[in-house]
Amino acid sequence: MPRFSVIVPAYKVQAYLHECLESVLSQSYADLELIAVDDRSPDACGEIIDEFAARDARVRAVHLPQNVGLGPARNAGLERATGDYLLFLDSDDTLTPDALRAIADRLAETGEPDVLVYDYASTYWTGETVRNKFAGQLSEEGPAPFRLQDRPGLLRVLMVAWNKAYRREFVHDAGLRFPPGYYEDAPWTYPALMAARTLATLDRVCVHYRQRRRGNILSTTSRGHFDVFEQYDRVFAFVEQRPELAHWRPVLFRRMVDHLSTVFTKRDRLPRGSRAEFLRKARVHYRRYRTPGASVSLRCRLRHTLVHFGVHRTYRALEASMTLRRRAHKAASKLARALRAALLQAHYRIQLRLPLRADRAVFAAYWGRGHGCNPGALEAAFRALAPQVRTAWIARPEHQDAVPPGPRRVRPGTAAYWTALARSKYLVNNVNFDRRLVKRPGQVFVQTQHGTPLKHMGLDLQDRPAAARDMDFDALLRGVDAWDYVLSANRHTTLTWERVYPGGYETLEYGYPRNDVFQRATAEDVTRLRESLGIPRDAIALLYAPTHRDYRRAQRCPLDLARVLRRLGPRFVILARAHYWQDPLVDRPTPGVIDVSGHPSVESLCLASDALVTDYSSLMFDYANLDRPIVVHADDWEAYEAARGTYFDLRSFPPGAVAHSEDELIDIFTTGHWRGSRSAQLRTAFRERFCPHDDGRAAERVVRRVVLGEPEPPAAIPLAERRPAPSAAAAAEAAAGATASGASGAAPVEPATEACAGERAASSGRTPIAVVPRPAGPRSVVDRR
């Protein structure tokens, strides 16, 4: 007897059926039977089902002699099911990877409930994916299993059959069957939830609900939409047969009225000439099932009034007046915005005629995000080394709180913003400022960039349309013409910038200021940061930071983080950091996974971690300065290279071990290769090539050159003499080694900064830490508050 029976009825879905069935059979949890029901489909659905049945013994093909509709087709599959739990999947939808494993785990955790409700996400033909807006109702907090009266908010989740797993014995005992006609889910899901003695939820997207451009049956114009009345007759009949469910009548009444009004107000559903008839029937049902105590929110009262009194014309008049009001408000808002923009530009033109302020500098990063990256480190260095220069930081309203005390806070698009751009001598950014910026004689623009380039950038994207998208290369070059200085961390970056961003600027190959903190931070800083993130004291923290995929419309997490952690064991935790263009990597709480996508300082996350796992992110070049293990997950290198293009083959010159699949990645950690001698050798070569200047004094060199006018800033400290902040794991091992040496009478060994387990660098031959020149300026961690 299989654990799951997955029932898939099929009718006129030949374009989507293969993907649907494959999503079931490719699940990592294989204890299932797939019952595919051909509802006498006139296309190739039956043949596709037979092909899958011939290929996989778990597929049971059912061919109905005539077309019966979705509900009876599901019943046909139900009659043949033998699994412990029943799952329904529409033939144009798909299960997400590892969905069945997550469902099986949750069923076991909650004591085999009658019904398990899990989440879904709508996937549009444009590539957009939107999670269910009522996902909060599926929180796994609180006792489980439970009864519906304990969590009535579950009734707000879409009332469909395919976002739940049903215990087969419960379905049989409750006598649940699907009726014919449209809206067949209502007489199934409401009774199932109300009759279930035990319920549980799974806060995980298990189904991708396809939103087709055309072909959705509920979006077609048909008298079939009148079936909704009979379906609610069945729901209330079920309640009337069970007096213990009578308290649900007010809720069902509200849901019914909302549903009827939705069908009526959707202009593409009811045929011409049938709307008055539908409204009359709706009024009859309103009076038939109206229940005392059925309170209605203010937002829904207009719709309920429509159904109650059948005031079609009045409703349309009110709707038209509300639409007119919205349009008038929109037009007025647009006019106000245009007037405000014109006034601000006039203000800017006036400010451009006033003298420059030699004692002012304005900074920004990542299109108005919070204080950070190279501009953030430079802003702090300006205040420390050139205190005569007053600094301002541009940040959008939602990022204002991330700006530390010191710089004046400026919001984009305000008069203060345009004044700062017009009057400040120094302009510092890691991207470009507003395209309307007028670069004045005497202004100094420092373009800091934000990483060492692995992927193609600038003019090299002219032949990469998937990556360039709608990039305006003429506008790009106009922005480059405003740059006076461009920062670089190494020779590779210098040569790349000067070719892909051709201009008259001076390249400052001084290292990246944002990496200074790696040399300044202490073991105490690392401990503090780990505590603030909630990392257990003895845990090994992996910072997982994948990059953006240009060839994908819908970005997804390349790894199943929950599975990785299960394989690695309880000692590991993952700090999941999404690219700033993407949504968080985790869409539900996962033990051992800490979502740090919104953390303001990626440098702090690097310091708090013991190793980096990435794919093609430029963060690896910065992280190498910490001399901690790096593991590359290159599962789609060919696709990434084809779409974006890279400047060298990372697999041939990696900063550490390389995994080509999730299983290889797991093996690298379980076998210890991630911090073995070979990984250390690769990292050493990588650091020699890409980290020659990041010694903790990059920001100081920039300020001394650009602001103080010193022609020869301090030279970089050699790699062998640097002492980056030790990882928690390396510090713990060094302390344990020192304790063991002390107990045996041997001289204590200097703590190593090398993160390789069991491979501490010998203290002999090293320059003592005390004589390494310390950088000028504050020594605290950047985000200390």
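In which strand is Tyr-124 found? Tyr-124 belongs to strand β6, which covers residues 115-124. Here helices (H or I, at least four residues) and strands (E, at least two) are DSSP runs, numbered from the N terminus.

## Basis of the report

The structure is a predicted model, in which local features need pLDDT of at least 70, side-chain atom pairs count only at pLDDT 80 or more, and totals for chains, interfaces and linings use all residues. Residues are numbered from 1 along each chain as its sequence is written, and side-chain values use heavy atoms, with hydrogens and water left out.

## Overall composition

The chain contains 26 helices and 22 strands. Of its 785 residues, 55% count as buried; the term buried stands for under 20% relative accessible area, exposed for over 50%, and partly exposed for values in between (1.4 Å probe, protein chains only). About 34800 Å² of the chain is exposed, and carbon and sulfur atoms supply 52% of this area. Accessible areas come from the Shrake-Rupley method with a 1.4 Å probe, and for residues only the protein chains shown count as cover. Among contacts (heavy atoms within 4.5 Å) between residues at least 6 apart in sequence, 73% join residues at least 24 apart.

## Surface patch and nonpolar cores

Tyr-124 is partly exposed, with a relative accessible area of 36%. Together with Trp-125 and Val-130, Tyr-124 forms a nonpolar patch on the surface, and the three residues have about 320 Å² of accessible area together. Patches are made of residues with over 30% relative accessible area and no salt bridge; like charges are joined within 9 Å, and nonpolar side chains (Val, Leu, Ile, Met, Phe, Trp, Tyr) within 5 Å.

In the interior, a nonpolar core is a set of buried Ala, Val, Leu, Ile, Met, Phe, Trp, Tyr and Cys residues joined through side-chain atoms within 4.5 Å. The largest such core has 61 residues, of which Tyr-166, Trp-188, Tyr-190 and Phe-278 touch the most other members. Helix α8 (residues 249-265) gives the most to this core, namely 8 residues. A second, separate core of 60 residues includes Val-428, Ala-482, Tyr-510 and Val-706. Leaving aside residues up to four places away in sequence, Phe-278 touches His-225, Phe-226, Val-228, Phe-229, Leu-260, Val-263, Phe-264 and Leu-270.

## Salt bridges

Side chains of opposite charge can pair when their charged atoms come close. A salt bridge is counted where a side-chain nitrogen of Lys or Arg lies within 4 Å of a carboxyl oxygen of Asp or Glu, and by this rule there are 43 salt bridges. Three of the pairs are listed below.

| Pair | Closest N and O atoms |
|---|---|
| Arg-131 and Asp-203 | 2.6 Å |
| Arg-705 and Glu-506 | 3.1 Å |
| Arg-697 and Glu-700 | 3.1 Å |

Arg-131 in strand β7 (residues 129-131) and its salt-bridge partner Asp-203 in strand β9 (residues 199-211) link distant parts of the chain, being 72 residues apart. Arg-131 is partly exposed at a relative accessible area of 24%, whereas Asp-203 is buried at 10%. The pair of Arg-705 in helix α25 (residues 698-706) and Glu-506 in strand β16 (residues 506-509) also links distant parts of the chain, 199 residues apart. Glu-506 counts as partly exposed, with 32% relative accessibility. Both Arg-697 and Glu-700 are buried. Salt bridges with shared partners also join Arg-74, Asp-90, Glu-184 and Asp-185 into one network.

## The parallel sheet

Strands of a sheet pair through backbone hydrogen bonds, either parallel or antiparallel. In this chain 6 strands form an open sheet with parallel pairing, in the order β19-β18-β17-β20-β21-β22; two strands pair if DSSP finds at least two bridges between them. Strands β19 (593-595) and β22 (658-659) stand at the edges, each with a single partner strand, so one side of each has no neighbour in the sheet. Strand β17 (residues 540-545) runs parallel to strand β18 (residues 572-576) and is joined to it by 5 bridges. Leu-543 stands opposite Leu-575 in β18.

## Backbone features in loops

The peptide bond from Ala-144 to Pro-145 is cis, with omega near 5 degrees, and Pro-145 is found in the loop between β7 and β8 (164-167). Lys-12, a residue other than glycine, has a positive phi near 55 degrees; Lys-12 lies in the loop between β1 (4-10) and α1 (14-25). Tyr-183 is not a glycine, yet has a positive phi of about 60 degrees. Tyr-183 lies in the loop between α5 (168-174) and α6 (186-195) and is buried, with a relative accessible area of 8%.
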